[in-house]
Amino acid sequence: MENPSNVQDVANLYLQIATENFKQLKASAEKAISQIKDDARLNWAPGEESNSIAVIVKHVSGNMISRWTDFLTTDGEKPGRNRDEEFEGTLSSREELLAVWNRGWDVFLRTLSELKGEDLLRTVYIKQKPHSVLEAIERQMSHYSSHVGQIIYLAKMIQGDEWQTLSIPKRKKA
C-alpha cells in the first residue's frame with residue numbers, strides 16, 4: 001500500500017505490518033529451534049528458575065490460544081487456561097513441540113487476519129482490564145518478542161560454537 005490517504009488506509013497498513021512482523025518473529029524462533037539437533041536439549045534450562053525452549057513454547061502457545069480465541073467478544077484470560085501448567089513438564093519430541101507452537105500461532109494469526117482497520121479502536125478485555133485492539137496487539141508484540149528473544153538466546157547457548165547466526169554475523173556489514 002503506497003501513501004495511505006486516510007485513517008482507514010493507515011489502520012489497514014498497520015495490521016499488515018504487524019502481521020508481517022509477527023510472522024518474522026515466528027520464523028526467527030523456528031530457525032533457532034531447527035539448529036538444535038538433539039530433541040532432549042529443547043527441554044534444557046540454564047537454571048532451576050529458568051525456562052527451557054519447550055516451556056517457553058508451551059507458554060506462548062497457551063497465551064495465544066487464550067488471548068486470541070473469541071478475541072473481540074470474550075476476556076483474553078480464558079477460565080480454562082492453566083497458566084501455571086505451561087511452566088511445568090516437558091514436551092517429549094520436536095514434533096510435539098512444533099505442534100503446540102503451531103496450534104497457538106494458527107489461532108493468533110487467523111484472528112489477526114480477520115481484523116479490519118475499524119477494529120483497532122474497539123475495546124477488548126485482558127484479565128478484565130479494557131484495552132483497545134491496537135493496545136492488545138502491541139502488548140502481544142512486546143510479549144512475544146521477549147519470548148522469541150529467549151528462545152533464540154537459549155538455542156545459541158545450547159549450540160555454542162555450532163550456532164549459525166540468524167542475522168548479520170559479527171564484524172560483517174549488511
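**Exercise 1. Determine whether R67 is buried or exposed, and identify its salt-bridge partner.**

Solution. R67 has a relative accessibility of 5% and therefore counts as buried. This value, like every other one here, is computed on a predicted model. The search for a partner leads to E77, with which R67 forms a salt bridge whose closest N and O atoms are 2.5 Å apart. R67 belongs to helix α2 and E77 to the loop between α2 and α3, so the pair ties together parts that are ten residues apart in sequence. E77 itself is partly exposed, at a relative accessible area of 23%.

**Exercise 2. State how many salt bridges the whole structure contains, describe those of R81 with E86 and of D119 with R122, and find which residues are joined into one network.**

Solution. The count for the whole structure is six salt bridges.

- R81 and E86 meet through their side chains at 2.7 Å, N to O, and both residues are buried.
- D119 and R122 form a salt bridge at 3.4 Å, N to O. D119 is buried at 9% relative accessibility, whereas R122 is partly exposed at 36%.
- R67, E77, R81 and E86 are joined into one network by salt bridges that share partners.

**Exercise 3. Establish where K58 lies, and explain why the distance to E85 does not qualify as a salt bridge.**

Solution. K58 is located in helix α2, which covers residues 53-68. The residue is buried yet has no salt bridge. The nearest side chain of opposite charge is that of E85, 6.9 Å away. A salt bridge requires a side-chain nitrogen within 4 Å of a carboxyl oxygen, so the pair does not qualify. Once neighbours within four places in sequence are set aside, the contacts of K58 are E85, E86, E88, G89, T90, L91 and V100.

**Exercise 4. For D70 and Q128, give the value of phi, the place in the fold and the accessibility.**

Solution. Most residues other than glycine have a negative phi. D70 has a positive phi, near 50°, and is placed in the loop between α2 and α3, the latter being residues 83-86. With a relative accessible area of 49%, D70 is partly exposed. Q128 also has a positive phi, near 70°. Its place is the loop between β1 (123-126) and β2 (129-132). At 71% relative accessibility, Q128 counts as exposed.

**Exercise 5. Identify the residues of the positive surface patch, and locate K127.**

Solution. The patch is formed by R83, K127, K129 and R139. Of these, K127 is found in the loop between β1 and β2, and its 48% relative accessibility makes it partly exposed.

**Exercise 6. Characterise the protein chain as a whole by its secondary structure, extent, burial, contacts, surface and charge.**

Solution.

1. Secondary structure: the chain has five helices and two strands, arranged along the sequence as α-α-α-α-β-β-α.
2. Extent: the C-alpha trace spans about 50 × 45 × 25 Å along its principal axes.
3. Burial: of the 174 residues, 40% are buried.
4. Contacts: among those between residues at least 6 apart in sequence, 73% join residues at least 24 apart.
5. Surface: the accessible area is about 10,200 Å², and 49% of it belongs to carbon and sulfur atoms.
6. Charge: there are 23 positive and 25 negative side chains, and the centres of the two sets lie 5 Å apart.

Definitions and conventions: Residues are numbered from 1 along each chain as its sequence is written. This is a predicted model: local features need pLDDT of at least 70, side-chain atom pairs count only at pLDDT 80 or more; totals for chains, interfaces and linings use all residues. Side-chain values use heavy atoms; hydrogens and water are left out. Helices (H or I, at least four residues) and strands (E, at least two) are DSSP runs, numbered from the N terminus. Buried means under 20% relative accessible area, exposed over 50%, partly exposed in between (1.4 Å probe, protein chains only). Lys and Arg count as positive and Asp and Glu as negative; His and the chain ends are not counted. Contact means heavy atoms within 4.5 Å. Accessible areas come from the Shrake-Rupley method with a 1.4 Å probe; for residues, only the protein chains shown count as cover. The place of a charge is taken as NZ of Lys, CZ of Arg, CG of Asp or CD of Glu. Patches are made of residues with over 30% relative accessible area and no salt bridge: like charges are joined within 9 Å, nonpolar side chains (Val, Leu, Ile, Met, Phe, Trp, Tyr) within 5 Å.
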